[in-house]
Amino acid sequence: MKQAITMPALSDTMNNGRLAKWLKKPGDKVKTGEAVAEVETDKAIMEVEAFHDGFLAGPLAAVDQELPVGDTIGYIADTATEAEAPPPASVPTKPPAKASATETAAILPAKPLSPILAAAEANRTSGGGWHAHQHAAPANDSAVTDDGLLRGAEPASTTPGPAFLTDGPPYNITRASSLREAVARTMIASAATPTFRVTALLSLGGLVMLAKEKHLSLTLLFARACARSIAAHPLFNAAYTETGLAQRDRIDIGIAVDSPDGLITPVLRDVGMRSLTELGADWQALRDKVKSRRLAPSDYRGATFYVSDLGVFPVVYAFDSLIPAGASAILSVATNRVEGAFCTLNCDHRVIFGGDAARFLQTLADILSRPEELLEEGKKQ
């Protein structure tokens with residue numbers, strides 16, 4: 001008996017997943033909890049685990065195929081013989097003859113299942129496998145092709161591009177990664193926040209020297225300085241809601257990281273109160289996850305304040321950033337020069353006013369002037 005492996009919901013915002021890789025091939029033995037595939041979500045690549053012992057069986061969803069959460073991407077068979085059974089026959093590619101409106105109405109209730117649903121239905125009627133598929137989104141036009149792979153409906157290649165492209169030179173559209181699509185959605189939402197920005201010239205020389213002397217992460221020390229300034233100005237740890245300000249009781253800082261796939265913001269938790277040793281270990285683990293694209297939603301969600309640092313690019317004189325949802329401010333740090341670094345604080349004007357921003361930056365400047373105090377653990381202002 002074959003039981004369906006479905007596209008998992010790996011985050012509460014995930015509607016579709018893109019199959020990145022099969023880690024097993026049909027006929028391979030798998031054990032419960034063993035990773036059988038990798039799925040690209042909106043932020044990372046995550047593993048899909050087998051839900052019971054058996055043998056991976058086809059038809060399998062094609063790599064780079066994007067499928068709705070709950071759709072079947074493959075099967076686990078009880079026996080090797082069953083796993084090696086041929087997949088269902090291919091569906092005809094020739095479109096059916098156009099029917100009249102009356103005929104269409106008559107045909108709709110009897111629309112045949114796609115092969116993948118037919119296989120799942122066969123499992124259901126035989127007493128197993130359907131339960132895992134019960135919550136599947138309605139199957140798209142998935143079909144088993146001649147290569148034995150399950151493929152969803154191909155995007156219409158003849159779909160015209162946006163009108164603003166038609167007057168320029170010829171172009172090719174490449175598919176955006178899930179991460180880039182997620183960032184686009186987030187930034188559109190962030191752009192609706194009423195903001196203002198205040199820029200200060202902050203001296204980072206002492207902080208840079210301390211980081212070198214103690215072999216500590218400059219990013220980590222700067223986040224610590226921000227956390228202490230936030231502790232002195234709690235509005236920077238609040239978020240606007242329709243029912244009032246949500247004041248957080250812990251300072252979690254999201255730090256923008258430039259990954260090969262785009263912008264991602266892993267979150268350091270409780271930056272103001274935990275030891276630098278603990279924070280350093282967490283930061284290294286988060287960076288490793290970014291490199292391997294293994295960030296979990298709990299790694300990048302829920303920041304109460306954000307820092308974006310482009311200081312490694314000497315040509316960047318100053319810049320600002322959009323405020324992610326759930327925070328009231330983000331600090332953008334440009335290149336550190338002899339005279340200091342231009343740091344721009346973008347603020348949600350529903351939460352923070354100009355005077356608040358100025359006082360926050362003044363406090364941060366004072367903290368940065370005494371960087372050695374950042375080595376003290378659990379210190380509040």
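In which handedness of crossing does α6 pass α9? I opened the notebook with that one, and the crossing came out right-handed. A reminder to myself before going on: this is a predicted model.

**Entry 1: α6 against α9**

I looked up the two helices by range: α6 covers residues 218–232 and α9 covers residues 354–369. Their axes lie 9 Å apart, and the packing angle is about 130 degrees. Oblique angles include those over 115 degrees that do not exceed 145, so I filed α6 and α9 as oblique to each other.

Next I listed who makes the contact. From α6 I noted Phe-222, Ala-225, Cys-226, Arg-228, Ser-229, Ile-230 and Ala-232. From α9 come Phe-360, Thr-363, Leu-364, Ile-367 and Leu-368. Sorted by class, the contact holds nine nonpolar, two polar and one charged residues.

While in α9 I checked Asp-356, which has its place in that helix. Is Asp-356 buried or exposed? Its relative accessibility is 15%, and the limit for buried is under 20%, so Asp-356 counts as buried. Setting aside residues up to four places away in sequence, I found Asp-356 touching Leu-235, Phe-236 and Val-351.

**Entry 2: α6 against α7**

I stayed with α6 and turned to helix α7, residues 276–292. Here the angle is about 125 degrees and the axes are 10 Å apart. That angle makes α6 oblique to α7. I also noted that α6 passes α7 in a right-handed crossing.

Which residues make this contact? On the α6 side they are Thr-219, Leu-220, Leu-221 and Arg-224. On the α7 side they are Leu-276, Leu-279, Gly-280 and Trp-283. I counted them by class as five nonpolar, two polar and one charged.

**Entry 3: strand β21 and its partners**

How many of the eight residues of β21 are buried? Strand β21 spans residues 341–348, and eight of its eight residues are buried. I then went through both faces. One side carries Ala-341, Cys-343, Leu-345 and Cys-347, while the other carries Phe-342, Thr-344, Asn-346 and Asp-348. Both faces are covered.

For pairing, I found eight bridges joining β12 (residues 195–202) to β21, and the two run antiparallel. Arg-197 has Asn-346 of β21 as its bridge partner. Strand β20 (residues 329–333) also pairs with β21 in the antiparallel sense, over five bridges. There I saw Ala-329 standing opposite Cys-347.

**Entry 4: Tyr-317**

This tyrosine sits in the loop between β19 (305–309) and β20. Its relative accessibility is 48%, and exposed needs over 50%, so Tyr-317 counts as partly exposed.

I looked for its contacts, leaving aside neighbours within four places in sequence, and got Ala-334, Arg-337 and Phe-342. How far apart are Tyr-317 and Phe-342 in space? They are 7.0 Å apart, C-alpha to C-alpha, with their positions 25 residues apart in sequence. Phe-342 was already in my notes as one of the buried residues of β21.

**Entry 5: a four-stranded sheet**

Last, I traced an open sheet of four strands in the order β1-β9-β6-β3, with antiparallel pairing. Which strands are at the edges? They are β1 (2–6) and β3 (29–30), and each pairs on one side only.

Inside the sheet, I looked at β6 (residues 54–57) and β9 (residues 72–77), which are antiparallel and joined by three bridges. Leu-56 stands opposite Ile-76 of β9.

Definitions and conventions. Residues are numbered from 1 along each chain as its sequence is written. This is a predicted model: local features need pLDDT of at least 70, side-chain atom pairs count only at pLDDT 80 or more; totals for chains, interfaces and linings use all residues. Side-chain values use heavy atoms; hydrogens and water are left out. Two strands pair if DSSP finds at least two bridges between them. Axes are lines fitted to C-alpha atoms, for helices over the stretch in contact, and angles run from 0 to 180 degrees between N-to-C directions. Angles under 35 degrees count as roughly parallel, over 145 as roughly antiparallel, 65 to 115 as roughly perpendicular and the rest as oblique. A crossing is left-handed if the near helix is turned anticlockwise from the far one by less than a right angle, and right-handed if clockwise. Contact means heavy atoms within 4.5 Å. Ala, Val, Leu, Ile, Met, Phe, Trp, Tyr, Cys and Pro count as nonpolar, Asp, Glu, Lys and Arg as charged, and the others, Gly among them, as polar. Buried means under 20% relative accessible area, exposed over 50%, partly exposed in between (1.4 Å probe, protein chains only).
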